[in-house]
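Dear colleague,

I am passing on the structure we spoke about, with notes on what came out of it. Please look it over before reading on.

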Amino acid sequence: MSAAAGLKAATVKHPDAMAPLIRILDELREMARAAGRDDLGGRLGMVRARVTDPRVRMVVAGEPKHGVSTLVNSLVGAPVSATDTALSVPVIVEYGPQATANLVKSNGNGRVERQAVDPLNPGPALAAQGVVRAEFTEPSPLLADGIVVMDAPGTAGDEHTKWSMIAAADTVLYVVDASRELTPAQLEHLQRIHQLCPTVICVLNKIDRFPQWSHVQQRNRDLLDAAGLGFAVAPVSALLHLEAETSGNYQRDIESGMPQLIDHLRDYVVSRADAVAIEAAVRDIRLVTDHLAVTVRSEAEALRDPRRRAEITEQLLAARNLADELRQRTANWQVTLVDGSTELMADIEHDLRHRLRSLVRDAEAEIAQTDPARGWKDFGTELDARICEAVEENFVMAHYRSMELCEQVAAKFPADHRTPPLPDLRLENPGEVLEPVAPLDTLESAKVSVTQPLLSGLLRAYGGILMVGLATSLLGMGLVNVYSASAGVLLGVNALWDDRKSRKQRRRAEAKVAVARLMDDVIFQVSKESRNRLRAMQRALRDHFTDIAADTARTADTSLRAAEEAYGKYGDRREERIAELDGRMSTLRAVRERAEALVAAA
């Protein structure tokens, strides 16, 4: 993406307003480097890059199939994000006088190359192998205000990329659909986003498809308030906005809610870009100063009161022992989770097969008692309803079994960490999972012409007349007489009856094969969806408890190392080192106070 195009967009962050904040960040980065906290220095470096960018970086994120890509296209007024593919790559759109599109592709040896593509139809190129991200310029009024729109990838394999984009964002639009209220997993996701970017707007998409959206909006507000997240909940229909712009229907555009969302972005994001950037940066400054203060305070306390050395060291050793115990529990938890997930997947699939086999037996019994050609369409509709019910019950069982597994895994950790995130595995609409399944096959054997059984009956009747007529001709009777004609009629009727019976048997056999094929397709599709949901639950638990273990171990080890090294390194000049540490604490307090003053001034 050309730098010239970006410079033509409006500058919404003023360098003069950011200069004091940048000086504070540079000073704090130097203190973090001196303390050996490269992780904190890296976070401050990301904050500095965000502050020095004069534009507003807005990341659009959300779960798949909630309309994230459609919302991005509506905001910029162009099809920059693919909506008809499961592949998801980061998309970055900024202002430019002309529409351009470039793909950044990896060539496999650590290098990347840029490839220009058609900006009006980038979808096929986005699905190519090796695409790292897509960069667009568009002459959009919203982008001209200084906003850079970024579509975060929604697939599980791009979690690191998505969180990196959110950490560098000035504001985040989190997209959910209006079909149901926020789930516990989504609330936890929003809390994690809020820790990285305090300016978040919850976008309630697809209000044109769900008449109950206003109730869902109010419920989401209540859930966000209860979770301590005072986010705005903006109801929109991105698809309706695109249709209204195409047709020029202003009233429909107002009903879509997109103009109101764009006005909100201009009023509370663009116009307040300086204040928003300062508030977000100061939040990170508070966090970093708190972490640095813990290390400095531990060392100073140990040096200031030598009699407490044994006590402080014992406390820190206990903390490290707790961290080691937590690591061991983590290892046990991983075994419990892997074994439990494997067993759970097997049990859920067995339960699904058992339910569907019961349906197959019931269907075959019904087929054996009737002619499948009669009411085959109604039979298929009723069978589909039974399958949906069985699938829904199977996912309900998977949900409650997964809750039991979560409790078993959480029991491996201390009591204050036994609240893991749990995705809801129950199905709101089983039809969405079964949508790729082909409908019940039609019965080809039911398509029988009238002439075929008639010809078969005539052929059997002719044989009967000929056979009996030849026998009676020995008695001097004609070839066709009462006896031969009666025999022909009887054999012809019998032939029609046998033909009808054999065709019914063929229809029954064909119907059973069709039911079995349908059940195989259902098992294939539902098992895939079930395994995907269970793997998502496994990843959520793994990430949750791994972060807890890593944070606890890092804090305990850092504090213990600082206190132990203090006695070995500064034992002879303890007073001098204490004065130096007190000076660092004073500097940290002064840095924090200067940062707080910037927030007050903004």
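In what follows, contact means that heavy atoms lie within 4.5 Å. Please also keep in mind that this is a predicted model.

With that meaning of contact, Lys-162, Trp-163, Ile-166 and Ala-167 in α7 meet His-189, Arg-192, Ile-193 and Leu-196 in α8. Sorted by class, the residues of this contact of α7 with α8 are 5 nonpolar, 1 polar and 2 charged. Helix α7 covers residues 159-167 and helix α8 covers residues 184-196, and their axes, which come within 8 Å, cross at roughly 50 degrees. Because angles of 65 to 115 degrees count as roughly perpendicular and those under 35 degrees as roughly parallel, α7 and α8 are therefore oblique to each other.

A second helix pair is formed by α4 (residues 68-76) and α12 (residues 258-270), which pack at an angle of about 70 degrees with their axes 11 Å apart. By the cut-offs just given, α4 and α12 are therefore roughly perpendicular to each other. On the α4 side the residues that meet α12 are Leu-71, Ser-74 and Leu-75, and on the α12 side they are Met-258, Leu-261, Ile-262 and Leu-265. The contact of α4 with α12 has 6 nonpolar residues and 1 polar residue, with no charged residues.

Two of these α4 residues return when one turns to the interior: the largest nonpolar core has 41 residues, and those with the most contacts inside it are Val-60, Leu-71 and Leu-75. The largest share of this core, 6 residues, comes from α12. There is also a second, separate core of 30 residues, which includes Ala-61, Val-172, Leu-190 and Leu-204.

Which residues does Leu-75 touch, if those up to four places away in sequence are not counted? They are Met-58, Val-60, Ser-140, Leu-142, Leu-173, Met-258, Ile-262 and Leu-265, and of these Met-258, Ile-262 and Leu-265 belong to the α12 side of the helix contact described above.

As for the chain as a whole, the protein chain has 19 helices and 9 strands, and of its 602 residues 44% count as buried. Among contacts between residues at least 6 apart in sequence, 81% join residues at least 24 apart. The protein chain exposes about 30,800 Å², of which carbon and sulfur atoms supply 53%.

With best wishes

Methods:
Residues are numbered from 1 along each chain as its sequence is written. This is a predicted model: local features need pLDDT of at least 70, side-chain atom pairs count only at pLDDT 80 or more; totals for chains, interfaces and linings use all residues. Side-chain values use heavy atoms; hydrogens and water are left out. Axes are lines fitted to C-alpha atoms, for helices over the stretch in contact, and angles run from 0 to 180 degrees between N-to-C directions. Helices (H or I, at least four residues) and strands (E, at least two) are DSSP runs, numbered from the N terminus. Angles under 35 degrees count as roughly parallel, over 145 as roughly antiparallel, 65 to 115 as roughly perpendicular and the rest as oblique. Ala, Val, Leu, Ile, Met, Phe, Trp, Tyr, Cys and Pro count as nonpolar, Asp, Glu, Lys and Arg as charged, and the others, Gly among them, as polar. A nonpolar core is a set of buried Ala, Val, Leu, Ile, Met, Phe, Trp, Tyr and Cys residues joined through side-chain atoms within 4.5 Å. Buried means under 20% relative accessible area, exposed over 50%, partly exposed in between (1.4 Å probe, protein chains only). Accessible areas come from the Shrake-Rupley method with a 1.4 Å probe; for residues, only the protein chains shown count as cover.
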